[in-house]
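Thanks for sharing this one. Here are some notes to read alongside the model, as numbered points.

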Amino acid sequence: MTPETKIVSLEEFLEMDKGEDRLEYFNGEVIYLPSPSVDHQRILLNIAAEFRNYFRSKSCEVFISPLDVWLTNKDKTDIVKVQPDLMVVCDKTGLMENVYEGVPALIIEIISTSNQTHDRIRKYITYMEFGIKEYWMINPKLKTIEVYIFEEDEYKQTAIYKGDDCAVSQTFSGLKVHLEEVFTNE
């Protein structure tokens, strides 16, 4: 199912956002997010467990969707709300009861065949514009993890991991995730 879109003002969006729908907002464009698949949820749970183990007793913290993230830039010119599948927050000043305002250090999106364009293009560009240091895209169909690092105002792909590889973070020393652990159903 492809995400449905609608154009509204920020005020209209804030009213819409009080409902039960999972929504993202990109400077006037509202994206309705479909419920994730069972496979998506398994992968998210598996990678979240790996990240949780790594970040235990460290200053940064891991969060999974659904958690609203209002991305902020210095000029406050862009108004964007996303719900990344997983994010790592190091600057905790923006954490509130049910929202984070700021720029996570790392974001992971699990791509579904119905919304590849949303994660591969819109979110890729948005995360790059806001300076997210590291962006991982997980492809459940191909069983791959693509890792991008923000350098010189753009993303550079560091690797595409597959098979029995370990996906390695470029931002957090020693953070590596075995793909066999991510794509298992056990």
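1. Let me start with the charges. The chain carries 20 positive and 33 negative charges, and the mean positions of the two sets are 4 Å apart. Lys and Arg count as positive here and Asp and Glu as negative, with His and the chain ends not counted; each charge is placed at NZ of Lys, CZ of Arg, CG of Asp or CD of Glu.

2. A word on what you are looking at. This is a predicted model, in which local features need pLDDT of at least 70 and side-chain atom pairs count only at pLDDT 80 or more, while totals for chains, interfaces and linings use all residues. Residues are numbered from 1 along each chain as its sequence is written, and side-chain values use heavy atoms, leaving out hydrogens and water.

3. Now the overall build. The chain has four helices and 14 strands, taken as DSSP runs numbered from the N terminus (helices H or I, at least four residues; strands E, at least two). Its C-alpha atoms fill a box of roughly 45 × 35 × 30 Å along the principal axes. The radius of gyration is 16 Å, which agrees with the value near 16 Å for a compact globule of 186 residues; that rule is 2.2 Å times the number of residues to the power 0.38, with the radius taken over C-alpha atoms.

4. On packing and surface, 48% of the 186 residues are buried. Buried means under 20% relative accessible area, exposed over 50%, and partly exposed in between (1.4 Å probe, protein chains only). Of the contacts with a separation of 6 or more, 54% are between residues 24 or more positions apart, a contact being heavy atoms within 4.5 Å. The accessible surface comes to about 10000 Å², and 47% of it belongs to carbon and sulfur atoms.

5. Please have a look at Glu109, in strand β9 (residues 106–110). How accessible is Glu109, buried or exposed? Glu109 is buried, because its relative accessible area is 2%. The side chain of Glu109 makes a polar contact of 2.7 Å with that of Tyr127; such a contact is a pair of N or O atoms within 3.5 Å, where within protein one must be able to donate a hydrogen and the other to accept it, and residues adjacent in sequence count only if both atoms are side-chain atoms. Beyond four places in sequence, the residues that Glu109 touches include Gln83, Asp85, Lys123 and Trp136.

6. Tyr124 sits in helix α3 (residues 116–129) and is buried, with a relative accessible area of 19%. Apart from neighbours within four places in sequence, Tyr124 contacts Asp119, Tyr135, Met137, Tyr148 and Tyr155.

7. The backbone deserves a check at a few loops. The peptide bond from Ser65 to Pro66 is cis, with omega near 5°, and Pro66 belongs to the loop between β4 (61–64) and β5 (68–71). Asn27, in the loop between β2 (22–26) and β3 (29–33), is not a glycine yet has a positive phi, near 50°; Asn27 is partly exposed at 46% relative accessible area. Ser57 also has a positive phi, about 60°, without being a glycine. Ser57 lies between α2 (38–55) and β4 and is exposed, at 78%.

8. Finally, Gly94 lies in the loop between β7 (86–89) and β8 (99–102). Gly94 is buried, with a relative accessible area of 6%, and past its neighbours within four places in sequence it is in contact with Val99, Tyr100 and Glu101.

Notes. Accessible areas come from the Shrake-Rupley method with a 1.4 Å probe; for residues, only the protein chains shown count as cover.
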